[in-house]
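Work through these exercises with the structure open beside you. Try each task before reading its solution.

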Amino acid sequence: MSIKILSVFGTRPEAIKMLPLVKAVDATDGLTGKVCITAQHREMLDQIMDVFDVRADWDLDLMRPDQTLTSITSDVAHGLAEVLQDYEPDLVLVHGDTTTGFAAALAAFYHQVPVGHVEAGLRTNNIMSPFPEEANRQLISRIATLHFSPTELNVENLNTEGVDQHVHITGNTVIDAFATTVRDEYAFKSAELAEIDLGTGRSILLTAHRRENLGEPMRQIFMAVHELADKYPDLQFIYPVHKNPAVSNLAQEVLGKHPRVYLIDPIDVEDLHNLISHSHLVMTDSGGLQEEAPTLGKPVLVLRTETERPEAVDAGVARVVGVDKEDIIAAARTLLEDEEEYLSMSRAINPYGDGYASERICAAIQEYFASK
């Protein structure tokens with residue numbers, strides 16, 4: 001009898017990491033998978049679904065203007081209740097630390113359906129940073145039955161909290177995604193990106209959008225970028241700007257007139273991954289890019305005061321540089337001027353896996369149900 005699995009996700013970062021697993025479930029004997037999306041990120045989510053050629057079996061379509069964490073949590077839990085009653089899955093898979101993931105895990109718990117937590121065990125141990133992600137992932141860990149951790153450190157974090165049953169080191173599924181997205185001969189789909197000459201000078205991919213960086217921290221980041229672009233004539237910054245007006249308006253104010261800072265619309269995962277491969281380094285406050293960029297040998301400067309991915313720092317592929325303008329400039333200058341420092345980061349081994357995390361997760365699911 002086939003094991004019925006429901007994968008639930010709603011944001012772009014979740015989709016990038018869950019879709020390789022969705023495909024692996026479909027390819028594994030004894031597993032039957034269906035997909036429910038909440039569309040917490042509507043447009044960006046649809047783009048990624050198209051790239052992986054996956055269609056949702058249920059689309060809760062919850063994105064609303066001015067939605068709040070409270071409304072998202074309530075809407076996901078309520079909408080998923082009907083899906084669980086309809087499908088009656090044996091296991092619900094959620095990812096990481098999103099509000100969608102937490103609310104879906106809670107709904108599954110209420111219906112007494114086991115939860116598998118993909119990317120389990122990341123911690124800053126500061127419940128307010130990142131907010132609300134740190135709380136979300138800790139709460140999911142209390143609910144989940146199966147825990148799929150990218151690294152040994154993630155397992156240690158769970159063990160410290162008393163979570164020591166059905167915990168598996170799998171690697172990170174984002175590495176699996178590169179088999180689908182990155183190609184030697186690739187033409188960018190974004191018209192804005194296609195017009196940028198990536199063959200001359202040094203390109204830096206910038207992303208900045210996190211809630212805790214809104215306001216003055218983000219202004220500091222943008223001022224650092226502006227000063228770096230002024231100082232190094234061979235640099236160009238490419239910044240896919242988040243749709244949040246608090247981000248896009250400030251970006252236009254500080255960076256909009258600089259001739260070598262390209263503020264472009266958000267890009268899909270194929271364009272993003274191939275842009276990373278063409279970049280000299282990455283400056284980001286994203287979690288996922290701390291895992292993705294090292295796969296392609298690109299150093300990462302983390303525009304945050306802390307990270308739940310210390311493995312990247314310990315491995316030497318990423319550095320946490322904070323959100324102060326002068327600190328960001330100093331860290332960037334080191335990589336731009338010291339070739340030995342740059343090479344030490346770009347050649348370090350990525351700690352996040354080998355591209356087979358999804359297969360390991362499927363095997364762990366089979367093992368769990370075989371033992372029942």
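## Exercise 1: A helix and its cover

**Task.** Which residues of helix α9 are buried, and what covers them?

**Solution.** This is a predicted model.
- Step 1. List the buried residues of α9: Met218, Gln220, Ile221, Phe222, Ala224, Val225, Leu228 and Ala229.
- Step 2. Look at what lies over them. The cover includes the strands β8 (202-207), β9 (235-240), β10 (261-264) and β11 (281-284). It also includes the helices α10 (245-255) and α14 (325-337).
- Step 3. Check the length of the helix. Residues 216-231 make 16 residues, and α9 reaches 22 Å from its first C-alpha to its last. That is close to the 22 Å expected at 1.5 Å a residue.

## Exercise 2: A buried charge

**Task.** Describe the surroundings of Asp176, and say which side chain of opposite charge is nearest.

**Solution.**
- Step 1. Place the residue. Asp176 is found in helix α7, which covers residues 173-181.
- Step 2. Look for a partner. Asp176 is buried but has no salt bridge. The nearest side chain of opposite charge belongs to Arg360, 6.5 Å away. A salt bridge needs the nitrogen and oxygen within 4 Å.
- Step 3. Look for another polar partner. The side chain of Asp176 reaches the backbone nitrogen of Tyr356 at 3.4 Å.
- Step 4. List the contacts, leaving aside neighbours within four places in sequence. Asp176 is in contact with Pro20, Gly355, Tyr356, Ala357, Ser358 and Glu359.

## Exercise 3: Three salt bridges

**Task.** How far apart are the closest N and O atoms in the pairs Asp57 with Lys34, Arg202 with Asp234, and Glu337 with Arg333? Place each pair in the chain.

**Solution.**
- Step 1. Take Asp57 and Lys34. Their closest N and O atoms are 3.9 Å apart. Asp57 lies in the loop between α2 (42-52) and β3 (58-59), and Lys34 in strand β2 (residues 31-37), so the bridge ties together parts 23 residues apart in sequence. Asp57 is partly exposed at 41% relative accessibility. Lys34 is partly exposed too, at 30%.
- Step 2. Take Arg202 and Asp234. Here the distance is 2.7 Å. Arg202 is in strand β8 and Asp234 in the loop between α9 and β9; this pair links distant parts of the chain, 32 residues apart. Arg202 is buried, with a relative accessible area of 18%, whereas Asp234 is partly exposed at 33%.
- Step 3. Take Glu337 and Arg333. Their distance is 3.4 Å. Both sit in helix α14, 4 residues apart, so about one helical turn separates them. Arg333 is partly exposed, at 33% relative accessibility.
- Step 4. Widen the view. The structure holds 24 salt bridges. Some join into a network that links Lys17, Asp97, Glu119, Glu134, Arg137, Glu291, Arg304, Glu308 and Arg309.

## Exercise 4: The whole fold

**Task.** How many helices and strands does the protein have, and why does it count as compact?

**Solution.**
- Step 1. Count the elements: 16 helices and 13 strands.
- Step 2. Compare sizes. The radius of gyration is 20 Å, close to the 21 Å that the globule rule gives for 372 residues, so the protein is as compact as a globular protein of that length.
- Step 3. Take the box. Along the principal axes, the C-alpha atoms fill roughly 65 × 40 × 40 Å.
- Step 4. Look inside. Buried residues make up 59% of the 372 residues.
- Step 5. Check the contacts. Among those with a separation of 6 or more, 69% join residues 24 or more positions apart.

Key. Residues are numbered from 1 along each chain as its sequence is written. This is a predicted model: local features need pLDDT of at least 70, side-chain atom pairs count only at pLDDT 80 or more; totals for chains, interfaces and linings use all residues. Side-chain values use heavy atoms; hydrogens and water are left out. Helices (H or I, at least four residues) and strands (E, at least two) are DSSP runs, numbered from the N terminus. Buried means under 20% relative accessible area, exposed over 50%, partly exposed in between (1.4 Å probe, protein chains only). Lys and Arg count as positive and Asp and Glu as negative; His and the chain ends are not counted. A polar contact is a pair of N or O atoms within 3.5 Å; within protein, one must be able to donate a hydrogen and the other to accept it, and residues adjacent in sequence count only if both atoms are side-chain atoms. Contact means heavy atoms within 4.5 Å. The expected span of a helix is 1.5 Å times one less than its number of residues. The radius of gyration is taken over C-alpha atoms; the globule rule is 2.2 Å times the number of residues to the power 0.38.
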